[in-house]
Structure formats: structure tokens, C-alpha cells
Amino acid sequence: MNQLGLGIAITGSGSATLDVTLDNHQLSQIVETSDEWITSRTGIRERHLVGEGGNLSAIAAMAAREAIAMAGVAPEDLDLIILATSTPDDLFGTACQIQTLLGAPQAVAFDMTAACSGFVFGLVTAAQFIRTGVYQTVLLIGADVLSRWVDWSDRSTCVLFGDGAGAVVMQANESDRLLGFELRSDGTLNHCLQLAHKAQPKEIVKGVSVGQGNFQPITMNGKEIYRFAVQKVPEVIEKALFRANLSVEEIDWLLLHQANQRILDAVAQRLNIPAQKVLSNLAKHGNTSAASIPLALDEAVRQGKVKSGDIIASCGFGAGLTWGAAIFQWGR
Ligand code: ACO
């Protein structure tokens, strides 16, 4: 609790159900790969896709409605909507479209981009607004439609990603359930994971040229990202635990960005966290970027695994590069 006596609680979660499924066997029809290779290297068996005609705002709104219902608030109660995404429907921002879909006219809405760290960065950002007494009820959505930007002929990346949306409602609370956090960035490693704009010169009048073009498919140095994740994720979790004045043994659940089962296993091993405390839904969803943490959280809550009062160590990591950990207690 801070000096103003204002804390935060995460009071609801939700996720979107996507109808289109793509399994490893189907992928092996389009690139030279196999279910055995993908499963043993990543833990992923299938992923869900938005499909043609679908869009980010629709799946984000689906997840948001579930979170709002679980929290027992009305859309009109929302003061703030933060959409963590790297794949907006509109580069000017998609959060306002979600505001309209939900019918939340009082809420101010904006997008936030921090790739696979977006949800954790959003959680900490939302908490600052609540802790300062500015807003009481915040909807935080993590959603991505990476299928739009995957090179479906590149076997080193296309097997990893899926689409998804997850959301939480955060509310002002007498006790502060965000127990500690630590956020980090390192732009010197930006080239390791990109969805970059490539400009083509276009002369608009004689002597005046601008760069136009489009975003290029995802590129990734898998080995560098693996090394980065396995080194930096335990460090940042330990830092956040230190701020929370908690030991690793006091964590009920380890909730990492669902990038790869081997990363989850290596981080858990380095932190000495037993496998039964590690939340994983990679087999079903693959890497859904900003959606992966709230998606896994919502599934665990609805399965009755995560219970009110449980301490969760969450950590996002990815492009930027960005990484960050937030230690929180589920529920009021
Ligand atoms: N199917 C079959 N073979 C493949 C595939 C595939 N889908 N992809 C690569 N290979 C081949 C390679 O071509 C290579 O063959 P070669 O030895 O003949 O050159 C061989 O498999 C080994 O390739 P590596 O890249 O060395 O495979 P590695 O064991 O490192 O596994 C992986 C690759 C799974 C991508 C791993 O590096 C990894 O997990 N990296 C982290 C990536 C990640 O999680 N990214 C997302 C996190 S950030 C975010 O969420 C945005």
C-alpha cells in the first residue's frame, strides 16, 4: 500500500475463443517440418488463428467482456482501457474501437506496444493510474494477431506463433495486490526480433522524397532470443521478488510469457521452482505475444488452479528487446 492508501487488485479475467485451429501436422504440409520437431523443440502442438474476416478488436472485446463479467463491473464503470498489442487493426490505435464495442463511453482508451512484454508493462502502467488515485477501474487487454505478420514460408518462425486475446480488470483496493515489479529494455538487441517497417523511396514532388512501404514479416534470431530469455527472465523475477520482500518458495505460480516450453523449463529450473507450479498452455496456443500471459492466467483461474490470494510471479519478455516481471496476488 502506498502513502495515499491506494492499492490495486486484479478482480476478473477473460479470454477469447478462436475457432480456427492449425496443428503441427497441417504446418508440415506447407513447410519442411514435423510434429516431432516442433513438439520436442517448443512444446507447441497447435495454435488458434483469427482467420480471414476476423480482427483484433473483436477478439479483444470478447476477452474483455468475460473479464468485466467476472469482476462484476459494468462497461460504464471503466475509467481506462489499455490495449497491449503489436498488431493493431489500425496503426493509429485500436483501443478506441474496443471502447465502442464494449459500450464504455467514460473510459479513456489507448494502445501500448511492448511486444510479448506488453501485458506486464500494461499491468504496471495501469497500477500507476490506480495508485495515484486518478482512476478506479481499469481494463487491461493483451491481444495479438501475429498470423498477419508471420512469414508462412519460414519454418524457423511460422511454427511458433498463434493469435489470441486475454484481459483482466484491475480495481482500486484497500490492500495492494501488486507486490513488486521490475521492467527492463535493451534496444541494442532490437535486431534479434523484429516486425520492421521497410521504406521504399517515393518522390512526391521534384526534390522531395518520402519513405513509404510496408511492415515486413517477423524475423528472429532464435538462438539469441533463447539465450536472452533464459538469462534475463530469472534475474528480473528475482529483482521483483526482492522488491516484494518475498522468497522464491513463497510463489504459488510461475506465469511466464508462453514463448517456448524449453524456456519455461529452463527458467523454472534456474529459479528452483517445481514443474507443478509452472502454468503452461503452449501446447494448445503457441506463442500469442501480448495475449499469452492473460490467456494462461484466465485458463488457470477458470480451471480452479489459481485461487484467491495465490501469489503469482509473472514475466513477459520479447521484442524491443523488453522484459519485465510483476509479482501479484490474484483477487481482492
Ligand atoms: N522444423 C524442422 N527443422 C527446423 C525448423 C522447423 N520448424 N526450424 C528450424 N529447423 C532446423 C534449422 O534449419 C536447423 O537445421 P540445420 O542444423 O540443418 O541448419 C535445425 O533445425 C536447428 O535449428 P536451430 O535454430 O538451431 O534450432 P533450435 O534448437 O535453436 O530451436 C527455436 C529453434 C525453437 C526457435 C529455439 O531457438 C528457440 O526456442 N528460441 C527462442 C525463440 C522464441 O521463443 N521466440 C519468441 C520469444 S519472444 C516473443 O515471444 C516475440
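Modeller: Let's start with a term: two strands pair if DSSP finds at least two bridges between them. Strands themselves are DSSP runs (E, at least two residues), and helices are runs of H or I with at least four residues, numbered from the N terminus. The model is predicted, so local features need pLDDT of at least 70 and side-chain atom pairs count only at pLDDT 80 or more, while totals for chains, interfaces and linings use all residues. Residues are numbered from 1 along each chain as its sequence is written, and side-chain values use heavy atoms, leaving out hydrogens and water.

Biologist: Thanks! Why do you say that E8 and strand E15 pair?

Modeller: E8 and strand E15 (residues 322-329) share seven bridges in the antiparallel sense. At least two are required, so the two strands count as a pair. One of the bridges puts Arg184 opposite Trp323 in E15.

Biologist: What makes one side of E8 and of strand E13 lack a neighbour in the sheet?

Modeller: These strands belong to an open sheet of four, ordered E8-E15-E14-E13, with mixed pairing. Strand E8 (178-185) and strand E13 (253-256) stand at its edges with a single partner strand each, so one side of each has no neighbour there. Neighbouring strands in this sheet are turned by 10° against each other on average, direction ignored; the axes are lines fitted to C-alpha atoms, for helices over the stretch in contact, and angles run from 0 to 180 degrees between N-to-C directions.

Biologist: And which strands form the open sheet of five?

Modeller: The order is E1-E7-E6-E4-E5, again with mixed pairing. Strand E1 (7-15) and strand E5 (108-112) are at the edges, each with a single partner strand, so one side of each is left without a neighbour. The average turn between neighbouring strands here is 20°, direction ignored.

Biologist: How do you know that strand E6 and strand E7 pair?

Modeller: Strand E6 (residues 137-145) and strand E7 (residues 163-173) run antiparallel and have nine bridges. That satisfies the requirement of at least two, so they are a pair. Asp144 faces Gly164 in E7.

Biologist: What does helix H5 touch when it packs on the sheet?

Modeller: Helix H5 (residues 118-131) touches E1, strand E4 (80-84), E5, E6 and E7, and its direction makes about 20° with that of E7. Contact means heavy atoms within 4.5 Å. Helix H10 (residues 292-302) lies across E1, E6 and E7, at about 85° to E1.

Biologist: Now the ligand. How many residues surround the ligand, and which are the closest?

Modeller: There are 22, and the closest are Thr33, Lys223, His257, Asn260 and Asn287. A residue is near a molecule if one of its heavy atoms lies within 4 Å of it. By class, the shell holds nine nonpolar, eight polar and five charged residues. Here Ala, Val, Leu, Ile, Met, Phe, Trp, Tyr, Cys and Pro count as nonpolar, Asp, Glu, Lys and Arg as charged, and the others, Gly among them, as polar.

Biologist: How far is a polar side-chain atom of Lys223 from an oxygen atom of the ligand?

Modeller: The distance is 2.4 Å. A polar contact is a pair of N or O atoms within 3.5 Å; within protein, one must be able to donate a hydrogen and the other to accept it, and residues adjacent in sequence count only if both atoms are side-chain atoms. The Lys223 pair is therefore a polar contact. A side-chain N or O atom of Arg262 is 3.4 Å from a ligand oxygen, and a backbone N or O atom of Gly222 lies 2.9 Å from a ligand nitrogen.

Biologist: Which element gives the most to the shell around the ligand?

Modeller: H7, with four residues.

Biologist: Where is Asp79, in the loop between which elements?

Modeller: Asp79 is in the loop between helix H3 (56-71) and E4. A polar atom of its side chain lies 2.8 Å from the backbone nitrogen of Gln136.

Biologist: What is notable about phi of Asn272?

Modeller: Phi of Asn272 is near 65°, a positive value in a residue other than glycine. Asn272 is in the loop between H8 and helix H9 (282-285).

Biologist: And which peptide bond is cis?

Modeller: The one from Gly320 to Leu321, with omega near -10°. Leu321 is in the loop between strand E14 (311-318) and E15.
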